Amino acid sequence: MRSTIVGLSALLLSVSAVVNTAHAAVSPAPANGQAAWILADANTGNIEASHNSELLLKPASTQKLVTTLAGALALGPDWRYQTQVYYRGVLDNGHLVGDLLVDFVGDPTLKREQLRDLLKRSGVKQVSGNLLLNQQRFSGYDRGNGWSWNDLSVCYTAPVAALILDRNCVQGALYANTGQAARATVPAHQPVKVSAEVEVVNSTEQKRSFCSLDVEMTPPNQYRLTGCIGPRKEPWPLRFAIQDVNAWGQDLSRWALGQAGIRLSGTIKDSRIHVQTGTHLAAQDWQPVASHQSPTLKELSRTILEHSDNLYADSLLRTLGAEHFRQPGSFANGTAAVREILLQEANLDLGPSWLADGSGLSAHNLLRAQDLLAVLLVIANEPRAQWLKTLLPVSGESGTLLYRKSVQDPSLKGKIQAKTGTIAHVQNLAGFLDTNGGQQKVFVLLQNGLSISPQHEKDIAAGVGEWPARRFEREWLTEQVKSD
């Protein structure tokens with residue numbers, strides 16, 4: 001076990017005894033919801049204020065702090081995904097009598113053009129057998145338990161498969177002009193089909209009929225839009241998550257082969273073959289011939305933390321499961337690996353918390369404010385993890401805090417480095433703040449169960465008042481920054 005946080009467990013056990021002094025000038029937390037917060041000195045870990053810090057709440061994307069910390073401790077900042085091409089048979093002067101195999105490992109950055117270049121670097125020009133798309137690296141479902149079924153068509157829930165190309169996502173557009181039938185399009189080179197049977201109606205008719213835009217999905221990667229939509233001069237952007245990963249991989253691999261100038265006599269098919277050494281059993285008849293490396297984990301973690309990327313976070317989670325347990329990675333062994341890594345490497349016990357994924361997208365996730373505080377203290381004080389702190393969004397300057405309305409006041413600009421967390425009825429923030437007195441604090445502010453009446457929503461839309469959770473977050477942060 002290894003940890004530089006002295007007395008962290010004892011500090012957390014004493015949280016309930018701390019007198020809260022951190023919100024004297026702050027309006028009450030939103031009514032009918034649940035709020036929890038905790039504040040500590042970033043250097044010593046001394047807890048200065050807390051409220052409901054032992055309450056299990058939905059972390060949303062603040063959970064990415066937990067995932068990236070486990071990645072930092074287990075893999076290190078220079079670790080990379082490595083996608084490799086193998087062959088079996090006889091390879092002579094570019095002619096392969098046998099099969100070619102691409103071993104996909106869940107690299108969320110891999111693009112079709114990089115696959116083309118990887119195949120080209122293999123030196124193979126003709127294949128008498130098949131092209132196998134190996135997905136042995138991961139097993140089980142490619143989406144997490146508790147992901148909302150009606151989000152599965154959009155790209156922030158793209159399948160976290162071993163085979164990821166172009167983020168397993170397709171962009172398109174929906175044209176909705178007054179007096180015309182709606183029309184959906186995707187780029188011609190995308191191997192998906194999109195159709196639209198959508199009415200273009202005014203807002204009054206939309207409200208009267210409770211009509212919305214819906215999507216029906218059928219294999220292989222076909223999308224049918226129905227319902228209604230309001231008119232708009234500019235096209236509505238569409239982002240479809242791939243549903244059939246195997247079909248997607250075959251289509252893009254066929255394109256890559258053609259672009260690389262490789263002739264294939266056989267077929268392209270999905271495969272589950274142990275070819276890698278170390279994590280997988282080695283099959284002696286497979287030989288590596290080309291490889292592609294992703295950016296470093298440090299670069300990947302910037303995307304996870306600064307831009308709150310779900311695909312990157314959940315691929316890292318499944319990879320941690322594969323690396324830690326030496327078996328194909330899944331959401332189940334990935335979440336178990338995170339818990340074990342944090343306990344073994346940082347003496348950090350997540351206790352009764354519940355992890356369902358690595359991104360925080362699942363409604364099943366439960367964490368305590370004190371869990372997130374412990375994670376942040378490790379990031380602040382453990383040399384192997386301190387680089388994560390530099391990747392967090394900065395209020396009014398970068399990432400998901402660039403335009404977050406609660407931190408737009410000039411007094412807060414540049415003062416907050418934190419991970420946001422937002423799903424339905426949840427608004428969270430966890431990170432570091434600099435006080436006007438020159439001190440740095442670690443804080444966690446969780447707000448769950450957020451809802452207001454339809455009339456209140458109408459008033460806010462009309463410019464009367466503001467969202468209670470936003471107001472509370474702004475006032476709470478302002479009060480902490482003002483302290484000496």
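When I give an angle between two helices today, their axes are lines fitted to C-alpha atoms over the stretch in contact, and the angle runs from 0 to 180 degrees between N-to-C directions. Okay, with that settled, hi everyone. One more thing to keep in mind: what we're looking at is a predicted model.

Let's start with helix packing. In general, two packed helices are described by the angle between their axes and the distance between the axes. Our opening pair is helix 2, residues 63-74, and helix 7, residues 310-325. They pack at about 45 degrees, and their axes are 10 Å apart. That angle makes helix 2 oblique to helix 7. As for handedness, helix 2 and helix 7 cross in the left-handed sense. If you want to find the spot on screen, look at Lys64, Thr67, Thr68, Ala70, Gly71 and Ala74 on helix 2. Those residues meet Asn310, Ala313, Leu316, Leu317 and Leu320 on helix 7.

Both of these helices turn up again when we look at helix 8, residues 331-346. So what do the buried residues of helix 8 pack against? They pack against helix 2, helix 7 and helix 9. The buried set is Phe331, Asn333, Gly334, Thr335, Ala337, Val338, Ile341, Leu342 and Ala346. Here's a handy thing to remember: an α-helix has 3.6 residues a turn, so residues three or four places apart point the same way. You can also check the length of helix 8. It has 16 residues, which at 1.5 Å a residue should span 22 Å, and the end C-alpha atoms are indeed 22 Å apart.

Now for another helix pair. Helix 3, residues 112-121, and helix 5, residues 245-260, have axes that come within 8 Å and cross at roughly 50 degrees. That makes helix 3 oblique to helix 5. This crossing is right-handed. On the helix 3 side you'll find Arg112, Glu113, Leu115, Arg116, Leu119 and Lys120. The helix 5 residues they meet include Trp248, Leu252, Ser253 and Trp255.

Let's zoom in on one of those, serine 253, which sits in helix 5. Is serine 253 buried or exposed? Its relative accessible area is 1%, and buried means under 20%, so serine 253 counts as buried. Leaving out neighbours within four places in sequence, serine 253 is in contact with Leu115, Leu131, Leu133 and Ile268. Leu115 should ring a bell, as it was on the helix 3 list.

On to the strands. As background, strands of a sheet pair through backbone hydrogen bonds, either parallel or antiparallel. In our model there's an open sheet of 5 strands, in the order 2-1-18-17-16, and the pairing is antiparallel. The edges are strand 2, residues 47-51, and strand 16, each of which pairs on one side only. From one strand to the next, the twist averages 5 degrees. Inside that sheet, strand 17 (426-434) and strand 18 (440-448) are joined by 9 bridges. If you click on leucine 429, you'll see leucine 445 of strand 18 standing opposite.

What lies across this sheet? Helix 11, residues 468-482, lies across strand 1, strand 16, strand 17 and strand 18, running at about 15 degrees to strand 17. Helix 11 has 15 residues and reaches 21 Å from its first C-alpha to its last, close to the 21 Å expected. Its buried residues include Phe472, Trp476 and Leu477. Those same four strands help cover the buried residues of helix 11, and so does helix 10, residues 454-461.

Strand 3, residues 82-92, has two antiparallel partners to show you. One is strand 15 (287-293), with 6 bridges, where threonine 83 stands opposite histidine 292. The other is strand 4 (95-103), with 9 bridges, where aspartate 92 stands opposite histidine 95. Strand 3 and strand 4 form a hairpin with 2 residues between them, and asparagine 93 in the turn has a positive phi of about 55 degrees.

Last stop: glycine 396, in the loop between helix 9 (369-381) and strand 16 (416-423). How far apart in space are glycine 396 and lysine 413? They're 17 residues apart in sequence and 5.2 Å apart, C-alpha to C-alpha. Glycine 396 also touches Leu401, Leu402, Val407 and Gln408, along with Lys413. And with a relative accessible area of 18%, glycine 396 is buried too.

Key: Residues are numbered from 1 along each chain as its sequence is written. This is a predicted model: local features need pLDDT of at least 70, side-chain atom pairs count only at pLDDT 80 or more; totals for chains, interfaces and linings use all residues. Side-chain values use heavy atoms; hydrogens and water are left out. Buried means under 20% relative accessible area, exposed over 50%, partly exposed in between (1.4 Å probe, protein chains only). Contact means heavy atoms within 4.5 Å. Two strands pair if DSSP finds at least two bridges between them. The expected span of a helix is 1.5 Å times one less than its number of residues. Angles under 35 degrees count as roughly parallel, over 145 as roughly antiparallel, 65 to 115 as roughly perpendicular and the rest as oblique. A crossing is left-handed if the near helix is turned anticlockwise from the far one by less than a right angle, and right-handed if clockwise.
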